[in-house]
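Reader: I would like to go through this model and test the labels put on it. Take me from each value to its conclusion.

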Amino acid sequence: MLEVRSVRLQQGQDHFYWDFQLNAGQFMAITGGSGVGKTTLLNCLLGFAKADSGSVLWQGEDLVSVPVQHRPFGVLFQQHNLFEHLTVEKNLALGLSPSARLSAEQKQKLQRYAQRFQISDLLKKKSTQLSGGQQQRIALARVFLQNKPVLLLDEPFSSLDPALRLEGLKWVSELKREQNTTVLMVTHHLAEIQNDVDIVMEGVSSQQWNQYPVR
């Protein structure tokens with residue numbers, strides 16, 4: 001279970017407040033206008049922004065002293081964050097090992113994911129040679145290769161056309177069910193994921209958030 005208990009955070013003149021919990025395997029959509037703190041919430045969970053009070057717990061463990069790299073979060077931003085000087089294969093390998101040096105078993109896993117995401121023929125190319133849709137598939141494959149229990153998505157598909165966006169959302173939903181991954185997704189396209197979402201958290205202001213179950 002992910003618990004965000006009465007977390008308060010001030011950045012400049014903005015005061016943010018969150019309080020919610022998610023069970024393993026649940027999907028939360030995070031919506032709201034600019035400035036309500038959607039991305040700030042993800043940064044707080046990751047440890048990039050330090051809360052002034054409150055606590056973030058995973059399976060009962062307070063994450064305040066846990067280094068970013070050891071927290072239970074995989075993260076996918078809108079920009080995909082692929083390394084342009086590396087091949088697709090090396091980018092994927094980083095999802096399995098910080099050194100990108102893989103065991104035989106890890107290499108087999110990489111190949112399985114490459115086949116699933118239809119990128120096997122792209123492994124020797126660099127990301128600068130690829131289309132937006134191809135980069136999307138690589139970024140998704142890499143974050144799921146990490147096999148983290150919680151996935152944070154910050155509008156990773158918003159710059160894509162509707163068909164590619166729906167394709168990306170389909171893969172997220174499928175792998176979420178298979179791996180029992182907890183998902184928090186910042187989105188402006190709630191209608192497109194309505195059937196997969198369990199809870200919507202909507203920011204009206206930086207201190208006023210409404211939560212409601214979808215199913």
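**Labels and their grounds**

Author: In α1 the buried residues are Lys 38, Thr 40, Leu 41, Leu 42, Cys 44, Leu 45 and Leu 46. This is a predicted model.

Reader: What makes α1 (residues 38–46) a mostly covered helix?

Author: Buried means under 20% relative accessible area. Seven of the nine residues of α1 pass that test. Gly 47 follows α1, with a positive phi near 95°.

Reader: Why does Ala 49 count as buried?

Author: Its relative accessibility is 8%. The cut-off is under 20%, so Ala 49 counts as buried. Ala 49 lies in the loop between α1 and β4 (53–58). Beyond its neighbours within four places in sequence, Ala 49 is in contact with Leu 9, Gln 11, Asn 43 and Cys 44. Of these, Cys 44 is itself among the buried residues of α1. The C-alpha atoms of Ala 49 and Leu 102 are 32 Å apart.

Reader: Why are α4 and α5 called roughly parallel?

Author: Helix α4 (residues 132–145) and helix α5 (residues 162–179) pack at about 15°. Angles under 35 degrees count as roughly parallel, so the label follows. The two axes lie 10 Å apart. The crossing of α4 past α5 is right-handed.

Reader: Which residues of α4 and α5 meet?

Author: From α4 come Gly 133, Gln 136, Arg 137, Leu 140 and Phe 144. From α5 come Leu 164, Glu 167, Gly 168, Trp 171, Val 172, Leu 175, Lys 176 and Gln 179. By class, this contact has six nonpolar, four polar and three charged residues. Gly is counted with the polar class.

Reader: What makes β6 and β10 edge strands?

Author: Start with the order of the open sheet: β6-β7-β8-β3-β9-β10. Its six strands pair in a mixed way. β6 (73–77) and β10 each have a single partner strand, so one side of each is left without a neighbour in the sheet. From one strand to the next, the twist averages 15°.

Reader: How do you know that the pairing is mixed?

Author: Go through the pairs. β3 (residues 27–32) and β8 (residues 182–186) pair in the parallel sense, over four bridges. Phe 27 has Val 183 in β8 as its bridge partner. β6 and β7 also run parallel, joined by five bridges. There, Phe 73 is partnered by Val 150 in β7. β9 (residues 199–205) and β10 (residues 208–213) run antiparallel, with six bridges between them. Met 201 stands opposite Gln 211 in β10. A hairpin of two residues joins β9 to β10. Parallel and antiparallel pairs occur in one sheet, and the pairing is mixed.

Reader: How many bridges does DSSP need before two strands pair?

Author: At least two. β3 and β8 have four. β6 and β7 have five. β9 and β10 have six.

Reader: β6 stands at an edge. Is it mostly covered or mostly exposed?

Author: Mostly covered: four of its five residues are buried.

Technical notes
Residues numbered from 1 in each chain as written. Predicted model: local features only at pLDDT ≥ 70, side-chain atom pairs only at ≥ 80, totals over all residues. Heavy atoms only, no water. Axes fitted to C-alpha atoms, helices over the stretch in contact; angles between N-to-C directions. Parallel < 35°, antiparallel > 145°, perpendicular 65-115°, else oblique. Left-handed = near helix turned anticlockwise from the far one by under 90°. Contact = heavy atoms within 4.5 Å. Buried < 20%, exposed > 50% of the residue type's maximum accessible area, 1.4 Å probe, protein only.
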